[in-house]
Amino acid sequence: MNIVAHNHQSRELLSSKISRFLEEFHVGRILQACNAYKVRGFSVKDVFQVAFENAFSSKSFFQKQRESSTSIPFAKDTFYRFMNSSSINWRKFTLQLSSAVIQKIEPLTNEKRRNVLIIDDSLFSRARAKKVELLAKVYDHVEHKYTKGFRMLTLGWSDGNSFLPLSQCLLSSAERENRLQEASASIDARSNGGKLRKLAQTKATSVMLTLLKEAKDADIPAKYVLFDTWFCSPEAMLQIKNIGYDVVGMVKKGDKIHFRYNGRMQSAPTIFQAAKKRRGRSPYLLSVEAEAVKGEQAIPIKLVFVRNRNNRQDYLILVSTDVNLSEEEIIQTYGKRWNIEVFFKMCKSYLKLGKESRTMSYDAMTAHVSIVLARCMLLSLEQRRKIDKRSIGELFYVSCDELQDLQYMDALIMVLKKLVSMITEKWLFLEKELNAMLDSFLENLPDLWHNCLNRCA
């Protein structure tokens, strides 16, 4: 958000920047391919651009129209008809737009890099609403209570540096007693809006598979699917494996999920208690190979038990359906899942996900969320183009190294350099004394850190 706000202070420059983004990725054509069109008058792309720019100003569409009739050339009815249209396939729009942006970013990523798909949900709150279409009771995991709203299930893509949202669905509830409002009876069930309403009333795991199949059909370059304990089950792993992706996820500690280990079906905590743990300061406590079983189907998996950083007496369980990945690679790959948490925070805090729209139409809410996702794509692309010099031109492609994931040892080296600079500035030490102090400090480090620092030297 700061990239746009600081570099484009004036409204004209900001509008020009957004216009270039829409032109570069042919947003008008994508909208037409997704059944968004107008018979006459202003083009769909012009209406979309007005909605797109709203988050980068402190005024709503209604306020801007009242202040100046020349800044927005069309009437409010044109804007509201566009947002409430049930014919537009917004999931297809965000998927095609993100695919076009990925094609610009992927050449900047090394082929050895593990591109991933990340899926998670976040609360889309409508706590004060009463008559919003498909409104449901949703559990808020932050406040630990039920509230009114939707679960915004989002599928994203990441190469470790950039995160791009691919698709989303505002989930209501599959159970009738949890839905406070039903779908509008005036919407044709055969339209895109009707199909989306039906999808919103199905289970989250089924919607997850639908989003993954759409990403596979769109040839999104990724090999792994990351998710937390909410979606992790043997059945989900088997289904995702059949789609063509490997899974790296976190297993819930409990007795309900079982894996086949040493010929017997056992829960992950039981496996942990029975197996021999690794000694010393290993990055993981235990690693075993087992099988995820559902009915007659079974696939090999690797379970990695990692110490919980927040509670040294506790542990976390990671699972991978790619048994060829090392334990360190599984831990590093799962670490990329944090990108979607940052995405949710940015959308809610800066891109007006929950505050810009107060509509009661499910179509308008879907359109609003899709536009927010498009804004995030613009910011992600701008950030990548600023931090990766190879995006400036082919001249820098061979001279710049691949952007690296932030490693713990890199952060430690930066701290040590800062420490040395502070010591030399505030106290007078002979070079011999300073080197002796550093040698003593390094000798007392744990063996793992000591070996890593030797390799970095």
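Okay, quick definition before anything else: when I say helix or strand, I mean a DSSP run, at least four residues of H or I for a helix and at least two of E for a strand, numbered from the N terminus. I need that for my opening residue, S361, which sits in the loop between α13 and α14. And to be clear from the start, this is a predicted model.

So, S361. Is this loop residue buried or exposed? It's buried, because its relative accessible area is 16% and the cut-off for buried is under 20%. If you set aside the neighbours within four places in sequence, S361 is in contact with N84 and E133. There's also a long jump in sequence here: V132 is 229 residues away from S361 along the chain, yet the two C-alpha atoms are 6.5 Å apart.

Let me zoom out to the whole chain. We've got 17 helices and 11 strands. Of the 457 residues, 47% count as buried. If you take contacts between residues at least 6 apart in sequence, 66% of them join residues at least 24 apart. On the outside, the chain exposes about 25,000 Å², and carbon and sulfur atoms supply 50% of that.

Now the bit I guess you'd want to look at, the second largest pocket. Its volume is about 1,400 Å³. What elements give two or more residues to its lining? Those are β1, β2, β3 and α13, so look at 116-125, 136-140, 145-158 and 338-349 on your screen. β1 gives the most, with 6 residues. In total 43 residues line this pocket, and S122, L123, V138, Y139 and R151 lie nearest its centre. As for chemistry, the lining divides into 16 nonpolar, 9 polar and 18 charged residues.

Let me pick up two of those central residues. Y139 lies in strand β2. With a relative accessible area of 32%, Y139 is partly exposed. Leaving out neighbours within four places in sequence, Y139 is in contact with H144, K145 and Y146. F150 is 11 residues from Y139 along the chain, and their C-alpha atoms are separated by 9.4 Å.

The other one is R151, and that takes us to A204. A204 is in helix α9, residues 204-217. Those two, A204 and R151, are 53 residues apart in sequence and 9.0 Å apart in space, C-alpha to C-alpha. They do touch: not counting residues up to four places away in sequence, A204 has R151, L153, L171 and F231 as contacts. A204 counts as buried, at 10% relative accessibility.

Staying with the buried residues, Q168 in strand β4, residues 163-171, is worth a look. What's the relative accessibility of Q168? It's 1%, so this glutamine counts as buried. Its contacts, again skipping residues up to four places away, are R91, M152, L153, T154, T366, V369, S370 and L373.

Strand β4 comes up again with helix α8, residues 192-200. In α8, the buried residues are G193, G194, L196, R197, L199 and A200. And what do they pack against? That would be α7, β4, α9 and α14, with α7 covering 90-105 and α14 covering 362-387.

One more helix, α6, residues 76-83. T78, F79, F82 and M83 are buried there. Why do I say these four share a side of α6? Because they cover an arc of only 130 degrees around the axis, which puts them on the same side of the helix.

Last item, backbone angles. Most residues other than glycine have a negative phi. Here are two residues with a positive value. D219 has phi near 60 degrees, and its place is in the loop between α9 and β5, where β5 is 224-227. D219 is exposed, with a relative accessible area of 64%. Then there's N262, with phi near 55 degrees. N262 lies in the loop between β7, 258-261, and β8, 264-267. At 64% relative accessibility, N262 counts as exposed, since the cut-off is over 50%.

Okay, that's my tour.

Technical notes: Residues numbered from 1 in each chain as written. Predicted model: local features only at pLDDT ≥ 70, side-chain atom pairs only at ≥ 80, totals over all residues. Heavy atoms only, no water. 1 Å grid on protein atoms, 1.4 Å probe; cavity = no way out; pocket = protein on both sides within 12 Å on 5 of 7 lines; lining within 4 Å. Points joined across faces, edges and corners; volume = space filled by probe spheres on them. Nonpolar A, V, L, I, M, F, W, Y, C, P; charged D, E, K, R; others polar. Buried < 20%, exposed > 50% of the residue type's maximum accessible area, 1.4 Å probe, protein only. Arc of directions from axis to C-beta. Contact = heavy atoms within 4.5 Å. Areas by Shrake-Rupley, 256 points an atom, 1.4 Å probe, with all protein chains shown as cover.
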